[in-house]
Amino acid sequence: MNETRVSRGVAVSSLADVIAIDGPGASGKGTLASRLAAALGWHLLDSGALYRVVGLIAQRRGIDFDDAESVAEAARNADIAFKDSAGTLPDASPIRVFVGGIDETDAIRSAEVEQPASRVAAVPAVREALFVTQQSFRRPPGLVADGRDMGTVVFPDARLKIFLTASVEARAQRRFEQLKDREASGSLRAPSDSEHENPAGSLDAELRAIRASTEARDERDRTRPVSPLLPAPDAVTIDSTEMSIDDVMAAVMALVQERGLGR
């Protein structure tokens, strides 16, 4: 199994091009980024995974999310590695995320970690701690960076900036389907007895809860004082509400070719 471990103090190549993909949760930017990186043979940065790891650590250790220094310390000391089963990381997908040598991919993708991840992402000291880590992924032949402030803060000189969005309803439904798929595969807990007794009502309630969580995170991300979620002035905005991932990929590849990026 190949591995890339996040590191600090790594020199950043000024020659490596960057494609930044920002947007709210469940807009499809993660899938787009991984497909685009594979198509171009570029490195891939899932910046959200870093914040999810810090959120998971803080949650498990019972760290007060308002204790900025303790949360930032957790970010600075996190032992994070990205691994895949073949190829040179972080080029390939799917990527597994290891924390302290333990595969925490499913844990950081669970609904329970969304709120902690959002809260730690709003802490300036955490963002500062992870800034160099994120920039260390910028290596030839290029980088596709997925996040919420890739084009505005981390890589403001990115050659192409995409702001991928979708309606709250569409994003909540996508997240709901993702969680159902993971539950069916055994990645999440099995439904409780009460859910078996009233599956339709339970599913409706879960979808409503996911939508409420999505709206709450959007509000936090848009209004946080540091690196708020917003498109860069020179970003191309794509609304994926009525688009398939193939449609989005085709639109972005046209922009890639137009700007002379990639192979």
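This section describes the fold, salt bridges, helix packing and local backbone features of a predicted model.

The protein chain contains eleven helices and nine strands. It has 263 residues, of which 46% count as buried. Long-range contacts are frequent in the protein chain. Among contacts between residues at least 6 apart in sequence, 78% join residues at least 24 apart.

Salt bridges were examined next. The count comes to 21. One of them pairs Asp 17 with Arg 159, with the closest N and O atoms 3.2 Å apart. Asp 17 belongs to strand β2, residues 17-22, whereas Arg 159 sits in the loop between α7 (150-154) and β8 (160-165). The pair therefore ties together parts that are 142 residues apart in sequence. Both ends of this bridge were assessed for burial. Asp 17 is partly exposed, at 22% relative accessible area. Arg 159 is also partly exposed, at 36% relative accessibility.

A second salt bridge joins Asp 46 and Arg 109. Here the closest N and O atoms are 2.3 Å apart. Asp 46 lies in strand β3, which spans residues 43-46. Arg 109 falls in the loop between α4 (105-108) and α5 (114-121), so the bridge ties together parts 63 residues apart in sequence. Arg 109 counts as partly exposed, with 22% relative accessibility.

A third bridge is formed by Arg 138 and Asp 157, whose closest N and O atoms are 3.2 Å apart. This pair links distant parts of the chain. Arg 138 is in the loop between α6 (124-135) and β7 (142-147), and Asp 157 is in the loop between α7 and β8. The two residues are 19 residues apart. Their burial states were also computed. Arg 138 is buried, at 8% relative accessibility. Asp 157 is partly exposed, with a relative accessible area of 48%. Elsewhere, salt bridges link Arg 148, Arg 217, Asp 221 and Arg 224 in a network.

Helix packing was examined for α3 and α6. Two packed helices are described by the angle between their axes and the distance between the axes. For α3, residues 68-77, and α6, the angle is about 15° and the axes are 8 Å apart. Because angles under 35 degrees count as roughly parallel, α3 and α6 are roughly parallel to each other. Their crossing is right-handed. On the α3 side, the contact involves Ala 68, Val 71, Ala 72, Ala 75 and Arg 76. These meet Ala 125, Val 126, Ala 129 and Leu 130 in α6. The residues of this contact divide into eight nonpolar, no polar and one charged.

Pro 124 is also placed in helix α6. Pro 124 is partly exposed, at 42% relative accessibility. The C-alpha atoms of Pro 124 and Ala 72 are 8.6 Å apart in space, although the two residues are 52 residues apart in sequence. Ala 72 is itself among the α3 residues that meet α6.

Helix α8, residues 168-184, holds Arg 171. Arg 171 is buried, with a relative accessible area of 3%. Its contacts were listed without neighbours within four places in sequence. Arg 171 is then in contact with Pro 24, Gly 25, Ala 26 and Ser 27, as well as with Ala 166, Thr 214 and Asp 218. Thr 241 is 70 residues from Arg 171 in sequence. Their C-alpha atoms are nonetheless 8.0 Å apart in space.

Two backbone features complete the description. Most residues other than glycine have a negative phi, and most peptide bonds are trans. Ala 26, one of the contacts of Arg 171, has a positive phi of about 65° although it is not a glycine. Ala 26 lies in the loop between β2 and α1 (29-40). Ala 26 counts as partly exposed, at 25% relative accessibility. The other feature is a cis peptide bond. This bond joins Pro 140 and Pro 141, with omega about 5°. Pro 141 is found in the loop between α6 and β7. Arg 138, the buried partner of Asp 157, is placed in that loop as well.

Key: Residues numbered from 1 in each chain as written. Predicted model: local features only at pLDDT ≥ 70, side-chain atom pairs only at ≥ 80, totals over all residues. Heavy atoms only, no water. Salt bridge = Lys/Arg side-chain N within 4 Å of Asp/Glu carboxyl O. Helix = DSSP H or I, 4+ residues; strand = E, 2+ residues; numbered from the N terminus. Buried < 20%, exposed > 50% of the residue type's maximum accessible area, 1.4 Å probe, protein only. Axes fitted to C-alpha atoms, helices over the stretch in contact; angles between N-to-C directions. Parallel < 35°, antiparallel > 145°, perpendicular 65-115°, else oblique. Left-handed = near helix turned anticlockwise from the far one by under 90°. Contact = heavy atoms within 4.5 Å. Nonpolar A, V, L, I, M, F, W, Y, C, P; charged D, E, K, R; others polar.
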